[in-house]
Amino acid sequence: MDTLDTLRAKYLQGVAAAADEAALEDVRLAALGKKGEVSLKMRELGQMSPEQRLTAGPALNALKDELDAALRARKAALADAALDERLKAEWLDVTLPARPRPRGTIHPVSQVMEELTAIFADMGFAVAEGPQIESDWYNFDALNIPPEHPARQEHDTFFMARAADDTRPPHVLRTHTSPVQIRAMTEKGAPIRVIAPGRVYRMDMDQTHAPMFHQVEGLAIDRNLSMANLKWVLEEFCRAFFEVPNVDLRFRASHFPFTEPSAEVDIRCSWAGGQLKIGEGDSWLEILGSGMVHPKVLKAAGVDPDQWQGFAFGMGIDRIAMLKYGIPDLRAFFDSDLRWLRHYGFAALDMPTLHGGLSR
Ligand code: PHE
């Protein structure tokens with residue numbers, strides 16, 4: 001039985017010394033493989049006498065089982081160690097700061113459009129739209145500005161090119177959002193309550209004028225709306241929009257061909273200390289034109305002026321954005337300067353709502 005003890009010692013040591021699964025497999029083959037030492041010993045049992053076999057058999061089986069168990073245990077230990085090794089190599093420091101991603105922001109004009117849409121929606125106004133390339137008729141004639149009317153000159157209109165022999169009236173880049181009044185009434189009839197925010201174009205350029213800017217048109221037509229309703233809607237809007245407790249509006253008599261009577265509206269503000277504040281001080285800033293829709297305009301849009309009346313207004317979106325967010329130069333709005341956008345822009349996921357707050 002000495003030989004068995006020698007074999008046990010030799011292979012248990014081999015198992016313990018195997019550094020990886022391949023080395024361990026070599027040990028297994030040398031001991032228990034088809035031609036392994038222990039297997040060969042098993043085969044010798046055949047030539048033994050029954051008495052010899054009686055003691056040698058169980059002893060050999062025990063050795064085989066023991067080696068088998070040692071091999072398995074070692075194999076499991078090696079697998080664990082390999083896994084530990086891998087986990088160590090793949091270790092991730094979750095406390096490292098995330099890589100900064102380039103982040104876009106919402107332009108103040110878009111933000112203000114969302115804000116005013118939320119406010120007017122709350123007062124029952126739907127959003128209407130019209131094309132930026134508009135026909136002469138919608139932009140002027142239907143709004144009671146016939147071809148020779150002096151108001152046409154004041155609009156600094158961009159005309160679309162026409163072939164030299166084309167005698168039709170030209171299309172224009174709309175000079176205001178008022179043509180959407182006509183389109184909305186023609187399409188929906190009366191009663192109606194809509195706003196129409198969008199781009200408008202005029203040949204003008206300085207610190208407070210850009211050749212492309214934004215307006216929001218408002219239109220409300222019903223049986224007996226009056227200037228009083230117009231005043232309430234505009235005051236309510238300004239209170240909600242500027243988010244200050246006191247907003248003071250001044251209605252100044254004015255003239256627009258498409259409203260009668262007409263009023264321009266100024267908002268009270270202060271420039272004290274070079275800082276613009278709404279609702280206090282002794283300065284006034286014009287923010288919109290408005291009035292009762294002219295009967296000729298209703299007629300042009302197929303609405304009977306004997307049955308219906310209402311008000312309209314047109315407000316400069318860029319202007320009220322500058323006022324609310326203290327942005328000094330209009331031209332910067334359209335420069336696409338990333339530093340400016342990062343400074344004045346808004347977080348993309350903060351949608352303005354009346355209940356959640358309009359601005360952050
Ligand atoms: N369309 C006018 C403008 O651009 C504003 C306005 C709209 C005035 C509606 C009265 C009514 O100046």
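**Exercise 1. In the hairpin of strand 7 and strand 8, find how many residues lie between the strands and which residue takes a positive phi.**

Solution. In this predicted model, the hairpin made by strand 7 and strand 8 has six residues between the strands, and G273 takes a positive phi near 65° in this hairpin. The next step is to look at the pairing itself: strand 8 covers residues 277–278 and pairs with strand 7 in the antiparallel sense, over two bridges. As a landmark for this pairing, one can take C269, which stands opposite I278 in strand 8.

**Exercise 2. Starting from strand 7, work out which other strands are joined to it, by how many bridges, and in what sense they run.**

Solution. Begin with strand 6, residues 249–256, which is joined to strand 7 by seven bridges, the two strands running antiparallel. These two strands form a hairpin with two residues between them, and within their pairing L249 has I267 of strand 7 as its bridge partner. Continue with strand 9, residues 283–293, which also runs antiparallel to strand 7 and is joined to it by nine bridges; here D266 has E286 in strand 9 as its bridge partner. As a last step, consider how far strand 7 is covered: it spans residues 259–270, and nine of its twelve residues are buried.

**Exercise 3. Locate the cis peptide bonds that precede P191 and P261, and say where each of these prolines is found.**

Solution. Take P191 to start with: a cis peptide bond joins A190 to P191, with omega at about 0°, and P191 is found in the loop between helix 8 (179–188) and strand 4 (192–201). Then turn to P261, where the peptide bond from E260 is cis with omega near -5°; P261 lies in strand 7, the strand treated in the previous exercise.

**Exercise 4. N144 and E243 have a positive phi without being glycine; decide for each whether the residue is buried or partly exposed.**

Solution. For N144, phi is about 65°, and the residue is placed in the loop between helix 6 (136–139) and helix 7 (151–154). Its relative accessibility is 17%, so N144 counts as buried, given that buried means under 20%. For E243, phi is near 55°, and the residue lies in the loop between helix 9 and strand 6. E243 has a relative accessibility of 40% and therefore counts as partly exposed, since that class lies between the 20% and 50% limits.

**Exercise 5. Classify the aromatic pair of W137 and Y138 and the aromatic pair of F237 and F241 as stacked or edge-to-face.**

Solution. A pair of aromatic rings is described by the distance of the centres and the angle of the planes. A search of the whole structure finds eleven aromatic pairs. One of them is formed by W137 and Y138, with 5.1 Å centre to centre and 80° between the planes, and is edge-to-face, because an angle over 60 degrees counts as edge-to-face. The other pair to be classified is that of F237 and F241, with 5.4 Å centre to centre and 15° between the planes, and it is stacked, because planes under 30 degrees apart count as stacked.

The surroundings of the rings can then be added. W137 is partly exposed, with a relative accessible area of 39%, whereas F237 is buried at 0% relative accessibility, and F241 is likewise buried at 0%. Both F237 and F241 lie in helix 9 (residues 227–242), four residues apart, which is about one turn of the helix. They also belong to one aromatic cluster together with F120, F125, F242 and F313.

**Exercise 6. Name the arginine that lies over the face of Y138 and the arginine that lies over the face of W308.**

Solution. Over the face of Y138 lies R183, at 3.8 Å from the ring centre. Over the face of W308 lies R223, at 3.9 Å from the ring centre.

**Exercise 7. Describe the surroundings of L4, and then give the domain bounds of the protein chain.**

Solution. L4 lies in helix 1 (residues 2–17) and is buried, with a relative accessible area of 7%. Leaving aside residues up to four places away in sequence, L4 touches K41, A59, L60 and L63. L4 and E66 are 62 residues apart in sequence, and their C-alpha atoms are 12 Å apart in space. For the chain, the domain assignment gives domain 1 (2–89) and domain 2 (108–347), and the C-alpha centres of these two domains lie 92 Å apart.

Key
Residues are numbered from 1 along each chain as its sequence is written. This is a predicted model: local features need pLDDT of at least 70, side-chain atom pairs count only at pLDDT 80 or more; totals for chains, interfaces and linings use all residues. Side-chain values use heavy atoms; hydrogens and water are left out. Buried means under 20% relative accessible area, exposed over 50%, partly exposed in between (1.4 Å probe, protein chains only). Two strands pair if DSSP finds at least two bridges between them. Rings of Phe, Tyr and Trp (its six-membered ring) pair if their centres lie within 6.5 Å; planes under 30 degrees apart count as stacked, over 60 as edge-to-face and the rest as tilted. A charge sits over a ring if NZ of Lys or CZ of Arg is within 6 Å of the ring centre and within 35 degrees of the ring normal. Domain bounds come from an automatic or database domain assignment. Contact means heavy atoms within 4.5 Å.
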